[in-house]
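Me: I would like a close look at a single part of this model, with the terms explained as they come up.

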Amino acid sequence: MANPKLKTVVKPSQNSNVITRRKPAAAVKTAYSVAEREEIFRRFSVQRPEPRGELEHTNPFTLVVAVALSAQATDAGVNKATRALFKVADTPQKMLDLGEEKLRDYIKTIGLYRNKAKNVIALSKMLVDEFAAQVPETREKLVRLPGVGRKTANVVLSMAFGQATMAVDTHIFRIANRIRLAPGKTPDEVEARLMKVVPKHYLYHAHHWLILHGRYTCKARRPECERCVIADICKSPEKSSDIPAPLVELPPQVIGEAVE
Ligand code: SF4
């Protein structure tokens, strides 16, 4: 199938009677009309009315640690290690009291654990020294923490503080480009485009829907189009079916038992 034509979405001016010299809003490319995007996310919302992230945590601090540990690791692998860790260290001070060496023992099954242990101790120290042991609620402050990048900050802002963000991981980056929903060369570009093309009322859950869709259906090596609820709308050149799967609510996710 040839690449579908990308549509240009331009945000209308808030007051069309007022003539201003401001530059027009930046155009955003997507292969889908407003109605198609609405329908895509409506179907995701029927499948998963309350999508959840699969990283186990008990408070904003343990969420920051879990997300920092999850780089290049599976959520299931991180959960296995953190279940015991968070029983003894669920605050920045307790993490510092535990110390880097013992922390390494808890997380040694996770890839890059030495570096990650260093970062977790350093970020715990910064939280204690500069943030009164509280996880900050702004992206600017979160990304100052060692080992916390924009993606981690977005996950924390969404899951811990209820803000609508788009944490672009490998699944979201792949889907946005594969189906031409919000194509971009970098995660930041995809994030900015998705924030514009996802219908506002679906934005809060959108990153979880896309991650789970990528993890369980639109998989990296071979998308399972015959199991996909948006197969009739999808404009991916890679798709292998035009018939959408039945639209039903999926069984509740089993946290920590996800298979990549
Ligand atoms: S139809 Fe296939 S390629 Fe398109 S979103 Fe579904 S699984 Fe992905």
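Does Arg180 count as buried or exposed, going by its C-beta neighbours inside 10 Å?

Reply: This is a predicted model, in which local features need pLDDT (the predictor's confidence in each residue, from 0 to 100) of at least 70 and side-chain atom pairs count only at pLDDT 80 or more, while totals for chains, interfaces and linings use all residues. Residues are numbered from 1 along each chain as its sequence is written.

Arg180 counts as buried because it has 21 C-beta neighbours inside 10 Å (buried is 20 or more, exposed 12 or fewer, partly exposed in between, with C-beta atoms placed from the backbone). Arg180 sits in the loop that joins helix 9 (170-178) to helix 10 (helices being DSSP runs of H or I with at least four residues, numbered from the N terminus). Although Arg180 is not a glycine, its phi is positive, near 65°.

Gln72 also has a positive phi, about 55°, without being a glycine, and this residue lies in the loop between helix 2 (60-69) and helix 3 (75-88). Gln72, however, counts as exposed, because 10 C-beta neighbours lie inside 10 Å.

Helix 10, which follows the loop of Arg180, spans residues 187-197 and, together with helix 11 (203-216), is what the buried residues of helix 1 pack against (two residues are in contact if their C-beta atoms lie within 7 Å). Those buried residues are Arg37, Ile40, Phe41 and Phe44. They lie on the same side of helix 1, because they cover an arc of only 85° around the axis, taken from the directions from the helix axis to the C-beta atoms.

Key:
Helices (H or I, at least four residues) and strands (E, at least two) are DSSP runs, numbered from the N terminus.
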